[in-house]
Amino acid sequence: MATPDADGAAAAAAYFIALYPYVYATGDLTEWRALADPACEFCNSVAGEVEVLHSRGHRVDTPLTVVSSKGLELDPDRWFSAEVAVVLAESREVDANGTTVSTDAGGSYRTTFALTWADGWRIDAVGLQPNDQ
């Protein structure tokens, strides 16, 4: 993840999507925001949902497994894309008392990333779609 190449892009994208269950479970958006470009719609949407969720005293347990990741260099040492395959297990929204409020079946997804390298990685955009499409 420390290098501006295709492998570094794949590692940065995999790391970023692996933060997804962490931010929903803890409400800690520090690392998420450090990597997310302010214009990233997906990144902002997740951060907003997490803030609302945790303001109610809830959390979501969303087990996520990174299955594979692949990066592509678009402009040397600057612009990259990456694709990360993930599996989300069944998730549970839990209230402050530990009572399950809702569940989601999860599934297999393909995430696509646009990334920029500028003395570190910046996530510019994220797309998420079920693997069956």
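**Overall architecture and packing of the predicted model**

Of the 133 residues of the protein chain, 36% count as buried in this model, which is predicted rather than experimentally determined. The protein chain comprises three helices and seven strands, and these elements follow one another along the sequence in the pattern α-α-α-β-β-β-β-β-β-β. The radius of gyration of the protein chain is 15 Å, close to the 14 Å that the globule rule gives for 133 residues, so the chain is as compact as a globular protein of that length. Along its principal axes, the C-alpha trace spans about 50 × 30 × 20 Å. Among the contacts in the protein chain with a separation of 6 or more, 54% are accounted for by residues 24 or more positions apart.

The strands described here belong to two open sheets. One of these is an open sheet of four strands, in which the order is β2-β3-β6-β7 and the pairing is antiparallel. Strands β2 (64–75) and β7 stand at the edges, each with a single partner strand, so one side of each is left without a neighbour in the sheet. From one strand to the next, the twist in this sheet averages 20°. Within the sheet, strand β6 (residues 107–117) runs antiparallel to β7 and is joined to β7 by nine bridges; T112 has its bridge partner in β7, namely G127. Helix α1 lies across β2, β3 (79–88), β6 and β7, and runs at about 140° to β2.

The other is an open sheet of three strands, with the order β1-β4-β5 and likewise with antiparallel pairing. Its edge strands are β1 and β5 (100–104), each of which pairs on one side only, and neighbouring strands of the sheet are turned by 20° against each other on average when direction is ignored. Strands β1 and β4 pair in the antiparallel sense over three bridges, whereas four bridges join β4 to β5, again in an antiparallel arrangement. The register across the sheet can be followed through E93, which is the bridge partner in β4 of V60 and which has S102 as its own bridge partner in β5. Strands β4 and β5 form a hairpin with five residues between the strands, and in this hairpin G98 takes a positive phi near 85°.

Two residues of the three-stranded sheet illustrate its surroundings. V60 is found in strand β1 and is buried, with a relative accessible area of 12%. Leaving aside its neighbours within four places in sequence, V60 is in contact with P21, Y24, A25, L53, S91, R92 and E93. The C-alpha atoms of V60 and T99, residues that are 39 apart along the chain, are separated by 11 Å. S91, in turn, lies in strand β4 and is also buried, with a relative accessible area of 11%. When neighbours within four places in sequence are again set aside, the residues in contact with S91 are V60, D61, T62, S102, T103 and D104.

Helix α3 (residues 41–55) contains 15 residues and reaches 21 Å from its first C-alpha to its last, close to the 21 Å expected at 1.5 Å a residue. Within α3, residues F42, C43, V46, A47, V50 and L53 are buried; these residues cover an arc of only 130° around the axis, which puts them on the same side of the helix. Such an arrangement can be read against the general geometry of an α-helix, which has 3.6 residues a turn, so residues three or four places apart point the same way. On the other side of α3, E41 and S55 are exposed. The buried residues of α3 pack against α1 (6–26), α2 (30–35), β1 (59–61), β4 (91–94) and β7 (121–130), and one of them, L53, is among the contacts of V60. Following α3 is G57, whose phi is positive, near 80°.

Notes:
Residues are numbered from 1 along each chain as its sequence is written. This is a predicted model: local features need pLDDT of at least 70, side-chain atom pairs count only at pLDDT 80 or more; totals for chains, interfaces and linings use all residues. Side-chain values use heavy atoms; hydrogens and water are left out. The expected span of a helix is 1.5 Å times one less than its number of residues. Buried means under 20% relative accessible area, exposed over 50%, partly exposed in between (1.4 Å probe, protein chains only). The arc is that of the directions from the helix axis to the C-beta atoms. Contact means heavy atoms within 4.5 Å. Two strands pair if DSSP finds at least two bridges between them. Axes are lines fitted to C-alpha atoms, for helices over the stretch in contact, and angles run from 0 to 180 degrees between N-to-C directions. The radius of gyration is taken over C-alpha atoms; the globule rule is 2.2 Å times the number of residues to the power 0.38.
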